[in-house]
Amino acid sequence: MVRAVRGAIQVDANDRDSIIEGTTELVSVLMERNRLTTDDVISVLFTATPDLTAEFPALAARKLGFHEVPLICCTEIDVPGALPRVVRLMAHIETDRPRSEIHHVYLRGAVALRQDIAQ
């Protein structure tokens, strides 16, 4: 079955190191909690709030071995009052697990975005 898994992390600053480090943490935790390998991942969509321009979040995934997985980065809608410095992702995966066993990952300040599903 194809499932989608979501996640987000708030990074410390708009600099290359913060974006790469935060995205690496987000992807690593999401993969670990869902017991996934890169072979299970169909594609990943990354978004970043408009205040994050120093690096593409997908670079962190490439550094983690996502060489054959299609990745794309987009800028989020600039909504007044939105949580700043957030990288989000939605990964499409192949898994036999039901939706109830998929672990969505919200880290650091991004936990406030989805307290209903953050783990």
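V44 of strand β2 has A91 of β4 as its bridge partner, and this pair belongs to an antiparallel pairing in which β2 (residues 41-48) and β4 (residues 86-94) are joined over 7 bridges. The model is a predicted one, and its 5 strands form an open sheet of mixed pairing in the order β3-β2-β4-β1-β5. V44 and A91 also appear among the residues that line the largest cavity, a space of about 50 Å³.

**Strand order and edges**

- Read across the open sheet, the order is β3-β2-β4-β1-β5, with β3 and β5 (105-107) as the edge strands, each of which pairs on one side only.
- Neighbouring strands of this sheet are turned against each other by 15 degrees on average, when direction is ignored.

**Pairings of β2**

- Towards β4, strand β2 pairs in the antiparallel sense over 7 bridges, and V44 with A91 is one of the bridge pairs.
- Towards β3 (residues 71-75), strand β2 pairs in the parallel sense through 5 bridges; L45 stands opposite I72 of β3.
- Between these two parallel strands the chain passes from β2 through helix α2 (residues 58-63) to β3, and the resulting β-α-β crossover is right-handed.
- A further bridge pair of the parallel pairing is formed by T47 and C74, the latter lying in β3.

**Pairings of β1**

- β1 (2-10) and β4 are paired in the antiparallel sense over 9 bridges, and the bridge partner of A4 in β4 is H92.
- With the edge strand β5, by contrast, β1 pairs in the parallel sense over 3 bridges, where G7 has V105 as its bridge partner in β5.

**Helix α1 against the sheet**

- Helix α1 (16-33) lies across β1, β2, β4 and β5, and it runs at about 145 degrees to β5.
- α1, β2 and β4 each supply at least two residues to the lining of the largest cavity, and two of these elements, β2 and β4, are themselves paired in the antiparallel sense.

**The cavity**

- The structure holds 1 cavity of 30 Å³ or more, and about 50 Å³ of space lies in the largest cavity.
- Its lining is made up of V27, L30, M31, V41, V44, F46, A61, F66, L89 and A91, which by class gives 10 nonpolar residues, with no polar and no charged residues.
- Both members of the bridge pair V44 and A91 belong to this lining, so that the description of the β2-β4 pairing and that of the cavity meet at these residues.

Key:
Residues numbered from 1 in each chain as written. Predicted model: local features only at pLDDT ≥ 70, side-chain atom pairs only at ≥ 80, totals over all residues. Heavy atoms only, no water. Pairing = 2+ DSSP bridges. Helix = DSSP H or I, 4+ residues; strand = E, 2+ residues; numbered from the N terminus. Right-handed = clockwise from strand over helix to strand, strands pointing away. 1 Å grid on protein atoms, 1.4 Å probe; cavity = no way out; pocket = protein on both sides within 12 Å on 5 of 7 lines; lining within 4 Å. Points joined across faces, edges and corners; volume = space filled by probe spheres on them. Nonpolar A, V, L, I, M, F, W, Y, C, P; charged D, E, K, R; others polar. Axes fitted to C-alpha atoms, helices over the stretch in contact; angles between N-to-C directions. Contact = heavy atoms within 4.5 Å.
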